[in-house]
Amino acid sequence: MPHEITLHHLNGSRSDRIFWVLEELELPYNVVVHFRSPNKSAPKSLLNVSPTGKSPAIIIDGETITESAFIIYKLLNLPEISSEKKSKLDVQINKTDNGIFWSHYSEGSMMNLFQASAIIGATSQAFINGQVIGELKEEEKKGIKDYSGFVLQKYLGPQMQGTIDFAESFINKSQHGWFSGTDKPGEGDFMMFFAINSLLAGTRANAGFNVGEGLRGWYKKVTSRPAAQRAQQRLSVEEEKAKSKI
């Protein structure tokens with residue numbers, strides 16, 4: 001009997017990677033779309049689903065599961081995936097050391113810094129636009145710009161580039177070009193997708209980071225996969241459908 005799966009998706013969020021996993025595993029699923037508020041924060045509607053009000057969150061047979069890595073772990077370990085369909089899927093189902101490492105690295109090293117830079121940028125702009133304490137003097141705006149620019153360019157920027165370079169080095173040395181370390185994408189690849197996608201096609205695409213040919217090649221392999229293309233199409237359709245109801 002098929003599982004009843006509902007993905008709670010927030011636009012421009014880590015739930016993007018869960019669409020890809022679900023399509024690769026050929027699991028049927030429903031989607032509920034949540035839209036960010038004008039200040040880019042998650043809406044209160046997610047608090048009705050996730051205890052932290054964050055996305056992604058999925059409900060499998062009535063059980064709510066949060067955190068991307070845990071969601072991926074649960075999906076890969078569904079009985080029909082880990083046994084019956086295992087040999088038919090072009091996915092690394094069993095855990096590998098590389099897959100586990102890059103699953104942790106994606107959030108613990110990369111997105112930790114990426115998120116910090118996004119918060120610095122957004123909050124600085126809010127101050128400059130008068131959204132925090134009202135209209136500022138020009139010298140005050142300049143002070144905020146100088147400070148945030150220093151933090152982003154001199155402190156966070158080099159560290160972020162370092163995480164990108166490390167991932168580039170691994171992919172270039174990998175025999176098969178997957179973060180799983182095998183000839184199939186696995187949990188490390190699913191987890192790394194959000195960060196690399198943001199660098200090549202998302203909010204950080206024009207931020208001046210150096211992304212090498214190894215990661216660009218990995219990204220091209222991912223986005224050329226039929227399951228990844230179905231995932232992007234499903235994401236777009238669900239968002240447009242939800243917008244039409246607002």
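This report describes the annotated domain, the sheet, the helices and the salt bridges of a predicted model.

## The annotated domain

According to an unreviewed UniProt entry, residues 2-83 carry the annotation "domain: GST N-terminal". In the model, helix makes up 29% of this span and strand makes up 23%. The C-alpha atoms at the two ends of residues 2-83 are 15 Å apart.

## The sheet

Four strands form an open sheet in the order β2-β1-β3-β4, and their pairing is mixed. Strands β2 (30-34) and β4 are at the edges, where each pairs on one side only. On average, and with direction ignored, neighbouring strands of this sheet are turned by 20° against each other.

Two helices pack on the sheet. Helix α2 (residues 68-76) touches β1 (5-10), β3 and β4, and the direction of α2 makes about 130° with that of β4. Helix α8 (residues 226-243) touches β1 and β2, and the direction of α8 makes about 55° with that of β2.

## The hairpin of β3 and β4

Strand β3 (residues 57-60) and strand β4 (residues 63-66) run antiparallel and are joined by 4 bridges. The residues that face each other can be followed along the pair. Ala57 stands opposite Thr66 in β4, while Ile60 has Glu63 in β4 as its bridge partner.

The hairpin has 2 residues between the strands. Within this hairpin, Asp61 takes a positive phi near 50°.

## A long-reaching helix with a kink

Helix α5 covers residues 138-173, a run of 36 residues. From the first C-alpha of α5 to the last, the helix reaches 50 Å, which is close to the 52 Å expected at 1.5 Å a residue.

Where does α5 have its kink? The kink, of about 45°, lies at Leu156, shortly before the proline Pro158.

## Salt bridges

Side chains of opposite charge can pair when their charged atoms come close. How many salt bridges does the structure hold? There are 12 salt bridges in the structure.

One salt bridge brings together the side chains of Glu187 and Lys95, with a distance of 3.2 Å from N to O. Glu187 belongs to helix α6 (residues 187-200), whereas Lys95 is in the loop between α3 (79-84) and α4 (97-128), so this pair ties together parts that are 92 residues apart in sequence.

Conventions:
Residues are numbered from 1 along each chain as its sequence is written. This is a predicted model: local features need pLDDT of at least 70, side-chain atom pairs count only at pLDDT 80 or more; totals for chains, interfaces and linings use all residues. Side-chain values use heavy atoms; hydrogens and water are left out. UniProt positions are given in the numbering used here, feature names are shortened, and annotations may be inferred rather than shown by experiment. The expected span of a helix is 1.5 Å times one less than its number of residues. The bend at a residue is the angle between axes fitted to the seven residues ending there and the seven starting there. Two strands pair if DSSP finds at least two bridges between them. Axes are lines fitted to C-alpha atoms, for helices over the stretch in contact, and angles run from 0 to 180 degrees between N-to-C directions. Contact means heavy atoms within 4.5 Å. A salt bridge is a side-chain nitrogen of Lys or Arg within 4 Å of a carboxyl oxygen of Asp or Glu.
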